[in-house]
Amino acid sequence: MHRIIVATDGSTTANRAIDAGASLAKATGADLILLTIGGSVTGAELRTLADTAGDLSDTMQSAADKILKEARRRAQRLGVRSITLKTGWGDPGDAIIDAVQRSKADLLVVGRRGQSRLSALLLGSVSQKLASFAPCAVMVVP
Amino acid sequence: MRPFQQISLILDERQLLTRFWQAASVFWRMQTGRAATLAIFLITVVLLQLLVQVALNVWNRHFFDALERKDAATVWLQAQLFVPLAAGSILLAAASVWGRMTAQRSWREALTLHVIEKWMEKDRFRQLNHLARGSENPEYRISVDVRIATDAPIDLSLAFVSSILTALTFFGVLWTIGGSIDVNAFGRSVTIPGYLVFGVILYSGMITSLMIIFGHHLTSVIERTNQAEAEFRAAADTFRQEPTSQNRHQVDRRETLQLKLQAVLLWWREFCWQLVRTTLVSHGNFLFAPVVAWILCAPKYLSGAMSLGELTQAAAAFVVVQGAFNWFVDNYQRLADWRSSAHRVATLLLAIDELEAKERNEKKATS
């Protein structure tokens, strides 16, 4: 195994996915890629930005950077040295599959639930989509 | 020529609008004869349209009064009178389109030529391509933003003048036709003179307040949506202009494009919600305004103090005045579009001004 990619949104479940991915990377000597999909901004946050002339791109970028830095600290604590940080944009399922293809990862690790029950019901769960369509092995962490 | 340092433009609203008007007024200052002729033509059309609107309103009353009396001869006469009134209204609408679009085209031509001249002089467009922040995608600003920035003021100001004149004229109709009404409250009888005027002011005030409450983020969201679109176009343009670059740069550029697209989509999502909210008010108003007018007139009609013709005339006048009061609400979106385009044109002009100033300073330093 050469490359393990872990998708995170900063949630508790995603943290468990990072722990699992980092442990595997350490055990196998694989490179660890930490990926987050940016762009989950609420309507209230957008309205505040609109009224205060804040920059949406900067806000999304820094939110994604914050999640990735936290994820890297977590993985480093578990002893992983080779870590790459990546940010994707757009539909989480599509963006993760795209990142997996581009990085030629051997294993994708994701948490079981990242989004709300309602959106999962309406749009289908991301982990379900990844398990069906990802071009590599997928580990879904409960 | 030595490349200039990056110019950072941090500008306030007043500065931007002043700079925009300084450039945009070139048409009104340099082609005074043509501009004045077009302005007089357009104002005349607005006045004639108002005249026809009043005539149609009076026609409404006579027609329905004749119907109520079952007076076939007058109904037939009124039906014949409607033809020239409708023809006048149609011709004036067509003349208004011609006048507005001619004025818009002339204004756009003058401003575009002015901006192009400044942009091309001494090859400044090459410097701006890479150096001045806030002037990205100048071609788009010169073509599309100049068009929006010159189109909207003509439509908006004519609609504004028309709204004020319409409101004032039909206040008179409401005052005279509606007359006064006696209201019994707390055991006392109170006479309200021109009660339909107060009614329309109260109703319009309520609708405008609701619109402001429901859509007070709309203008800023539209502006941000337009800005995000412009940034996305600029990012795509940079991507296209980049010569064969390293893979790493390609990946960075691709991520930037995706980020900008995400910003565009998020702003559109919020724009959608803002429109949903304001539609609740505007569509509610579309349904309620005529009914409120009928309900306000009903007591006088039922008591026999108002004829059916007067009822329909007053109700139509109520809707017309209410529509005139809605100028700001109806034009929320266009105002926001105009503001963001005017800002982008002004930012480009200010970036060129900065370059000019730097050129002058360099010349002084070398001489």
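Start by selecting B:Arg100 and B:Asp155: their side chains are joined by a polar contact of 3.0 Å (a pair of N or O atoms within 3.5 Å; within protein, one must be able to donate a hydrogen and the other to accept it, and residues adjacent in sequence count only if both atoms are side-chain atoms). You're looking at a predicted model, where local features need pLDDT of at least 70 and side-chain atom pairs count only at pLDDT 80 or more, while totals for chains, interfaces and linings use all residues; side-chain values use heavy atoms, with hydrogens and water left out. For your selections, residues are numbered from 1 along each chain as its sequence is written, and chains are lettered from A and ligands numbered from 1 in the order in which they are written.

**Around B:Arg100**

Stay on B:Arg100, which sits in helix 4 (residues 72–120) of chain B. Helices here are DSSP runs of H or I with at least four residues, numbered from the N terminus (strands are runs of E with at least two). B:Arg100 counts as partly exposed because its relative accessibility is 23%; buried means under 20% relative accessible area, exposed over 50%, and partly exposed in between, using a 1.4 Å probe and protein chains only.

Now bring up what touches B:Arg100. Skipping neighbours within four places in sequence, the contacts (heavy atoms within 4.5 Å) are B:Leu42, B:Ile154, B:Asp155 and B:Leu158. Add B:Leu38 too: its C-alpha is 8.3 Å from that of B:Arg100, with the two positions 62 residues apart along the chain.

**Along helix 4 to helix 12**

Next, show helix 12 (residues 332–366) of chain B together with helix 4 of chain B: the axes come within 10 Å and cross at roughly 35°. Axes are lines fitted to C-alpha atoms, for helices over the stretch in contact, and angles run from 0 to 180 degrees between N-to-C directions. This crossing is left-handed, the term for a near helix turned anticlockwise from the far one by less than a right angle (clockwise is right-handed).

Select B:Val115, B:Lys118 and B:Trp119 on the helix 4 side, then B:Leu348, B:Leu349, B:Ile352, B:Asp353 and B:Glu356 on the helix 12 side, to see the residues that make the contact. By class, that's five nonpolar, no polar and three charged residues. Ala, Val, Leu, Ile, Met, Phe, Trp, Tyr, Cys and Pro count as nonpolar, Asp, Glu, Lys and Arg as charged, and the others, Gly among them, as polar.

**Helix 1 against helix 12**

Keep helix 12 of chain B on screen and add helix 1 (residues 13–24) of chain B; the two axes come within 8 Å and cross at roughly 80°. The pair is therefore roughly perpendicular (65 to 115 degrees; under 35 is roughly parallel, over 145 roughly antiparallel, and the rest oblique). Residues to pick at this contact include B:Leu16, B:Phe20 and B:Ala23 from helix 1 and B:Trp338, B:Ala342 and B:Leu350 from helix 12. The class count for the contact is ten nonpolar, two polar and four charged residues.

**Two stops within helix 12**

Where does B:Ser341 sit? B:Ser341 is in helix 12 of chain B, and counts as buried because its relative accessibility is 1%. Its contacts beyond four places in sequence are B:Asp145, B:Ile148 and B:Ala149.

Then jump to B:Ala357, also in helix 12 of chain B. B:Ala357 counts as partly exposed at 27% relative accessibility. If you draw a C-alpha to C-alpha distance from B:Ala357 to B:His217, it should read 38 Å, for residues 140 apart in sequence.

**A buried arginine**

Select B:Arg141 in helix 6 (residues 138–178) of chain B. At 7% relative accessibility, B:Arg141 counts as buried. Follow the side chain of B:Arg141 to the backbone oxygen of B:Arg344, reached at 3.0 Å.

**Helix 7 and helix 10**

Now show helix 7 (residues 195–215) and helix 10 (residues 308–325) of chain B, packed at about 40° with axes 10 Å apart. That angle makes helix 7 oblique to helix 10, and the crossing is right-handed. Among the residues that meet here are B:Gly199, B:Tyr203 and B:Ile207 from helix 7 and B:Ala314, B:Phe318 and B:Phe325 from helix 10.

**Last stop: two loop lysines**

B:Lys70 lies in the loop between helix 3 (32–69) and helix 4 of chain B. Its phi is near 60°, a positive value in a residue other than glycine, and B:Lys70 counts as exposed at 74% relative accessibility. Finish on B:Lys122, in the loop between helix 4 and helix 5 (124–131) of chain B, where phi is positive at about 55°.
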